[in-house]
Amino acid sequence: MRFGVLALQDAPWAELIDRWRMLEELGVETIWVADHTGHKGLAPGDPWFEAWSCLTALAYETTKPRIGPLVSPMTFRNPAVLARTALTVAEISGGRLELGIGSGASDYDHDVTQVPSWTPKERAAAFATWVERLIEMLAFDSFHPKREIPLTIAGRGPTILGLAARYADRWNTFGGFGIEVDEAVRRGREDNDRLDELCAETGRSVLRSALLGYHAFVPETPWRSEEAFAEVVERWRDAGFEELVFYYPPDTNMPEGSVAPGVFERAYTKG
């Protein structure tokens with residue numbers, strides 16, 4: 001099992017740099033940041049830093065972890081501009097960039113950027129076109145320097161899984177909004193089975209990744225103890241997942257008393 005971290009950029013800048021360096025020292029394989037304009041949970045005056053600016057800084061402040069957005073959304077990212085930005089950060093980081101993309105489901109982002117709401121059918125059609133344009137622009141002859149950039153496609157549903165089977169190196173799911181653990185694992189297993197079928201048709205292999213640790217999505221509590229962490233890992237491994245990405249700090253949106261000191265650090269050191 002591989003382990004990554006989604007390190008939210010919601011602290012003073014000096015503290016973010018300390019977090020990134022600490023995560024590198026722990027041996028975290030991939031450090032992701034959230035590509036949102038903010039979120040509704042921020043209090044007045046709380047910091048929130050733009051994702052690709054953070055990734056540029058991560059490229060300088062770390063040397064080993066892979067870095068990337070989880071995920072850059074169709075909502076406000078023009079595919080040509082995103083391709084140019086990704087190629088730039090890939091070069092700055094020495095080829096450590098992972099490009100995570102999604103169709104964009106944040107109401108906050110929609111409100112702030114004034115992007116029109118889409119029906120599910122409209123969103124799916126737009127995302128398929130957007131992904132194909134992004135891939136075209138990543139390969140565009142006039143865009144240099146060129147680096148290999150693994151693609152992560154995140155989300156659920158037929159369109160997402162179909163695009164992942166055709167284009168992605170990694171498929172990521174966050175499980176769902178406000179559903180119980182058993183139901184999230186069941187959905188994940190079914191999605192993995194369907195992706196197996198689609199990959200058999202395309203002849204491609206796609207890494208299976210789950211984003212966990214945000215209690216409002218799937219109420220896993222991996223940081224109660226090392227035994228609890230092991231149970232979470234085994235549960236998702238059995239559902240066909242090869243990578244787990246956890247939010248950092250570990251107490252992000254966790255119930256009071258569910259984060260024991262040192263469990264996160266020991267889990268990642270062993271991982």
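This is a short tour of the structure, with a selection to make at each stop.

**The whole chain**

Start with everything displayed, and keep in mind that this is a predicted model. Colour by secondary structure and you will find nine helices and nine strands in the chain. The C-alpha trace spans about 50 × 40 × 35 Å along its principal axes. A compact globule of 271 residues would have a radius of gyration near 18 Å, and the chain, at 18 Å, agrees with that.

Now switch on a surface. About 12,300 Å² is exposed by the chain, and carbon and sulfur atoms supply 51% of it. Of the 271 residues, 52% count as buried. If you colour by charge, there are 28 positive and 41 negative charges to find, and their mean positions are 4 Å apart. For a view of how the chain folds back on itself, draw the contacts between residues at least 6 apart in sequence: 77% of them join residues at least 24 apart.

**Stop one: helix α1**

Select residues 13-26, which form helix α1. Its 14 residues reach 20 Å from the first C-alpha to the last, close to the 20 Å expected at 1.5 Å a residue. Show the side chains of Leu16, Ile17, Arg19, Trp20, Leu23, Glu24 and Leu26, which are buried. An α-helix has 3.6 residues a turn, so residues three or four places apart point the same way. With that in mind, look along the helix axis at the buried set, including Leu16, Trp20 and Leu23.

What covers the buried residues of α1? Add β1 (2-7), β2 (30-33), α2 (51-61), β9 (243-248) and α9 (263-270) to the selection, as the cover includes these elements. Before leaving, step just past the helix to glycine 27, which follows α1 and has a positive phi near 95°.

**Stop two: helix α6 and strand β6**

Next select residues 158-167, helix α6. Ile160, Leu161, Gly162, Leu163, Ala164 and Ala165 are buried here. Bring in α5 (120-138), β6 (151-154), β7 (170-173) and α7 (181-202), against which the buried residues of α6 pack.

From that set, pick out threonine 152 in strand β6. Is threonine 152 buried or exposed? With a relative accessible area of 0%, threonine 152 is buried. Leaving out residues up to four places away in sequence, threonine 152 touches Trp32, Leu70, Glu98, Leu99, Gly100, Ile101, Arg170 and Asn172.

**Stop three: two residues of helix α7**

Stay with α7 and select aspartate 191, which is found in that helix. Aspartate 191 is buried, because its relative accessible area of 8% falls under the 20% cut-off. Beyond its neighbours within four places in sequence, aspartate 191 is in contact with Arg156, Leu161 and Trp171. Of these, Leu161 is one of the buried residues of α6 that you displayed at the previous stop. Try a distance from aspartate 191 to isoleucine 101: these residues are 90 apart along the chain, and their C-alpha atoms are separated by 18 Å.

Now move along to alanine 200, also found in helix α7. Alanine 200 is exposed, with a relative accessible area of 63%. A second distance to draw runs from alanine 200 to glycine 4, which lie 196 residues apart in sequence and 27 Å apart in space, C-alpha to C-alpha.

**Stop four: backbone details in the loops**

Most residues other than glycine have a negative phi, and most peptide bonds are trans. The remaining selections depart from that pattern.

Go to the loop between α5 and β6, where proline 145 is found. Histidine 144 and proline 145 are joined by a cis peptide bond, with omega about 5°.

Then select glutamine 114, in the loop between α4 (107-113) and α5. Glutamine 114 is not a glycine, yet has a positive phi of about 60°. At 69% relative accessibility, glutamine 114 counts as exposed.

Finish in the loop between β9 and α9, which holds proline 249. A cis peptide bond joins tyrosine 248 to proline 249, with omega about 0°. That loop is also the place of asparagine 253. Here phi is positive again, at about 55°, although asparagine 253 is not a glycine. What is the relative accessible area of asparagine 253? The value is 36%, and asparagine 253 is partly exposed.

Notes
Residues are numbered from 1 along each chain as its sequence is written. This is a predicted model: local features need pLDDT of at least 70, side-chain atom pairs count only at pLDDT 80 or more; totals for chains, interfaces and linings use all residues. Side-chain values use heavy atoms; hydrogens and water are left out. Helices (H or I, at least four residues) and strands (E, at least two) are DSSP runs, numbered from the N terminus. The radius of gyration is taken over C-alpha atoms; the globule rule is 2.2 Å times the number of residues to the power 0.38. Buried means under 20% relative accessible area, exposed over 50%, partly exposed in between (1.4 Å probe, protein chains only). Contact means heavy atoms within 4.5 Å. Accessible areas come from the Shrake-Rupley method with a 1.4 Å probe; for residues, only the protein chains shown count as cover. Lys and Arg count as positive and Asp and Glu as negative; His and the chain ends are not counted. The place of a charge is taken as NZ of Lys, CZ of Arg, CG of Asp or CD of Glu. The expected span of a helix is 1.5 Å times one less than its number of residues.
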